[in-house]
Amino acid sequence: MQATHDKLQVLGPDEGKYAQIGAMGVRFMVDPERGGGFSLVEHPIAPRALAAPMHTHEHEDEYSYVLEGEVGVQVGDEVRVAKPGDLVFKPRGVPHAFWNAGDAPARLLEIISPAPFANYFAELEPLFMRAEGPDFAAIAALQERYGLTMDFDSIEMLVEREGLAPLGR
């Protein structure tokens, strides 16, 4: 969606491109190429699901605004549960993770700055959601291109500590 001065644009609640990555959805609300210095995505997250294990962005800051449900976050060593109306700051260079901490669906808006990282989700979906399973070599190359470091070893700890559903369920 491009902001212009001469035309009103409205993105309806069921509009926008969508990707599904495991238990987390991605609705692209402000296109990375047209949004200026940021992009905006909506993340619906299934109940008791890990959205992303501990990971670190080299280039981006993220701001997550909780719309509904309970979103667990770990930023550095600090762990909290954010509720509707809470805004969570996830600065570049600091490891962080997030998950749905409740038994009902959760949704959050995520501002990503600078903008281009939102393209990562669109590129990840076909690599992750394959019938034969994720293409881990291609995913690693994609993460390297975006300056993203994932700590896959944190998955088991987060699932156990936070009482989350096992991956693949």
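**Sheet, helices and cores of the predicted model**

An open sheet of six strands has the order 1-2-3-10-5-8, and its pairing is antiparallel. Two strands count as paired if DSSP finds at least two bridges between them. Strands (E, at least two residues) and helices (H or I, at least four) are DSSP runs, numbered from the N terminus. The model is predicted: local features need pLDDT of at least 70, side-chain atom pairs count only at pLDDT 80 or more, and totals for chains, interfaces and linings use all residues. Residues are numbered from 1 along each chain as its sequence is written, and side-chain values use heavy atoms, with hydrogens and water left out.

Strand 1 and strand 8 (87–90) stand at the edges of the sheet. Each has a single partner strand, so one side of each is left without a neighbour in the sheet. Direction ignored, neighbouring strands are turned by 25° against each other on average. Axes are lines fitted to C-alpha atoms, for helices over the stretch in contact, and angles run from 0 to 180 degrees between N-to-C directions.

At one edge, four bridges join strand 1 to strand 2, and the two run antiparallel. They form a hairpin with two residues between them. Gly22, in the turn, has a positive phi of about 65°. Ala19 stands opposite Val26 in strand 2. Side chains alternate along strand 1. Ala19 and Ile21 point to one face and are buried, while Tyr18 and Gln20 point to the other and are not. Buried means under 20% relative accessible area, exposed over 50%, and partly exposed in between (1.4 Å probe, protein chains only). At the other edge, strand 5 (residues 61–68) and strand 8 pair in the antiparallel sense over four bridges. Here Tyr65 stands opposite Leu87 in strand 8.

Helix 1 packs on the sheet and touches strand 1, strand 2, strand 3 and strand 10. Its direction makes about 55° with that of strand 1. Contact means heavy atoms within 4.5 Å.

In general, two packed helices are described by the angle between their axes and the distance between the axes. The axes of helix 1 and helix 2 come within 10 Å and cross at roughly 170°. Helix 1 is therefore roughly antiparallel to helix 2. Angles under 35 degrees count as roughly parallel, over 145 as roughly antiparallel, 65 to 115 as roughly perpendicular and the rest as oblique. Helix 1 makes the contact with Tyr120, Glu123, Leu124, Leu127 and Phe128, and helix 2 with Ala138, Ile139, Leu142, Gln143 and Arg145. Arg145 counts as exposed, at 56% relative accessibility.

The largest nonpolar core has 29 residues. Such a core is a set of buried Ala, Val, Leu, Ile, Met, Phe, Trp, Tyr and Cys residues joined through side-chain atoms within 4.5 Å. Val26, Phe98, Tyr120 and Phe121 have the most contacts inside it. Helix 1 gives the most to this core, with five residues. Leaving aside neighbours within four places in sequence, Val26 is in contact with nearby strand residues and others, including Ala19, Ile21, Val41 and Phe121. A second, separate core of nine residues includes Leu50, Met54, Leu158 and Val159.

Asp153 is found in the loop between strand 11 (148–150) and helix 3 (154–162). Asp153 is exposed, with a relative accessible area of 70%.
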